[in-house]
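Me: I'd like to walk through this structure with you. Can we take it piece by piece?

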Amino acid sequence: MATGITNALVDYAQNLKYEDIPPEVLERTKHMLLDFLGVAYGGLRTGESSGPVIDGVLDLASGAAGESAVLGRPERLPAHYAALLNATFAHSMDFDDTHRDAVIHIGTPLFATLLALADEHEVSGRDFLTAAVIGYDVTGKVGKAHGGSMHARGFHPTATTGIFGCSAAGARLLGYSAQQTANALGLNVSQSAGSTQFLENGSWNKRFHTGLAAHNAVMSLVMARHDYLGATSPIEGSRGYFALYAGEGADASRALDGLGSDFEVMNTAVKPYPCCRYSHATIDAVADIVRAESLASPDIDGIQIAMGETGYGLVADPAEMKRVPSNVVEGQFSVYFAAAATAGKGAYAWDAYDRLDDAEVRRLMQRTSVTLDERFGSGMESIVSLRTADGRVIERTVPYPKGEPENPMTWEEMQAKFTEWSEPAIGAARAAQVIESVASLESLASMSELTTNLGA
């Protein structure tokens, strides 16, 4: 294992200057913050797990008051509880940002952590942006070093890797010393958790993973503030993160590649569809064929999909289970459902899950097959061949689904996504104010100018 990774990341978190961050990186970070807020409001409203997690957290809080806003809710809670709720909301639709090389949702636990801390401590918009850039880089660099190996071993790296970025960013936001930052990361290696066992029954564990990453990051930061000693070399050590969670699948040398020059927020995608990112290229391809050919679902005899190893393991295999999703989470992780639901409407949105039992969707799932193309690896590519009832075969190849850095969503599209989910939660006027505050975040003397508009 490469040595000195943790110390280098701590040094980076300590010393990156706002003035050294390129304008386009700052702008992209603001876009990601807006996207996080929008999908959190959506998760609050649509996630069937949101009521139980709210009840559970309020039970745990036992009436404790705090300074941190809960999105779309009247409560102000201690930071760790607010972070837990907001991160869980934001992952409940599987609609949050993704980093394909790291196979991670970076922004959800990160922004939940930073917003909760910003409410407890007076920080400026510039300080917030700087910390967020650091968080994207720490999570993204560590994530690129392990790539898809975490998923291959049954871990969910949004949580297991994400906690390190949350803590590094939070330490910078709070002005921690190098030793305090190192202690927080040292504690993280004993907090890092998240199993993909949820795939077997469509449980809500995955949503809770992101909440726990943010919650536990705040815990480690509080302990580090009081100089509680954490493990050294938690990332690269002989019994550290890479060794235990990735084994020989990690290339630790990648963890510092381009640090301070190749900013990982620029390598992060925004989702246009609320399901696993590895189904998105298929959705793009099927939607394009259906719209171009003016097809309805009964016009389609079958669909053949080729995809890479990581996506195949998440959304295609085992076929006998993935072809018969029975709940939202199972639908979110079934490329058979994604293709069949898209074929019916030429588009894919949250209302797709209302059609889990639709007879035509069920028929087409059984007529859809998926093959593994090892050339794609952990990439997002998809090759779709659609057979029509009259015998034609129409093919589309999508190397980069909509929302990837190579095929980005526009600021206007991101505003529309935010507005769709925020307005029912906080109203049109406040939603517009949030957009304005995020767009000018660097000018905010206090993050409270934004956070006062986030609750109910």
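Reply: Sure. One term before we start: contact here means heavy atoms within 4.5 Å. Also keep in mind that this is a predicted model.

Me: Got it. Which residues of helix 2 meet helix 6?
Reply: On the helix 2 side they are Val25, Leu26, Thr29, Lys30, Met32 and Leu33. In helix 6 they meet Phe128, Leu129, Ala132, Val133 and Tyr136.

Me: How do those residues divide into nonpolar, polar and charged?
Reply: The contact of helix 2 with helix 6 has 9 nonpolar residues, 1 polar and 1 charged.

Me: And at what angle do the axes of the two helices cross?
Reply: Roughly 85°. The axes of helix 2 (residues 23–46) and helix 6 (residues 125–146) come within 10 Å. Angles of 65 to 115 degrees count as roughly perpendicular, so helix 2 is roughly perpendicular to helix 6.

Me: Next topic: the largest nonpolar core. How many residues does it have?
Reply: It has 149 residues. Those with the most contacts inside it include Leu33, Phe128 and Leu450.

Me: Which helix gives the most to this core?
Reply: Helix 2, with 11 residues.

Me: Let's switch to strands. What is the strand order in the open sheet?
Reply: The order is 4-3-5-6, and the pairing is mixed.

Me: Which strands stand at the edges?
Reply: Strand 4 and strand 6 (393–398) do. Each has a single partner strand, so one side of each is left without a neighbour in the sheet. On average, neighbouring strands of this sheet are turned by 15° against each other, direction ignored.

Me: What about strand 3, how does it pair with strand 5: parallel or antiparallel?
Reply: Antiparallel, over 7 bridges. The bridge partner of Ile300 in strand 5 is Thr388.

Me: And with strand 4, parallel or antiparallel?
Reply: That pairing is parallel, over 5 bridges. Here Ile303 stands opposite Thr368 in strand 4.

Me: Why is strand 3 called largely enclosed?
Reply: Because 6 of its 8 residues are buried. Buried means under 20% relative accessible area.

Me: Last one. Which helix lies across strand 3 and strand 4?
Reply: Helix 18 (residues 359–366). Helix 18 runs at about 55° to strand 3.

Terms used:
Residues are numbered from 1 along each chain as its sequence is written. This is a predicted model: local features need pLDDT of at least 70, side-chain atom pairs count only at pLDDT 80 or more; totals for chains, interfaces and linings use all residues. Side-chain values use heavy atoms; hydrogens and water are left out. Axes are lines fitted to C-alpha atoms, for helices over the stretch in contact, and angles run from 0 to 180 degrees between N-to-C directions. Helices (H or I, at least four residues) and strands (E, at least two) are DSSP runs, numbered from the N terminus. Angles under 35 degrees count as roughly parallel, over 145 as roughly antiparallel, 65 to 115 as roughly perpendicular and the rest as oblique. Ala, Val, Leu, Ile, Met, Phe, Trp, Tyr, Cys and Pro count as nonpolar, Asp, Glu, Lys and Arg as charged, and the others, Gly among them, as polar. Buried means under 20% relative accessible area, exposed over 50%, partly exposed in between (1.4 Å probe, protein chains only). Two strands pair if DSSP finds at least two bridges between them. A nonpolar core is a set of buried Ala, Val, Leu, Ile, Met, Phe, Trp, Tyr and Cys residues joined through side-chain atoms within 4.5 Å.
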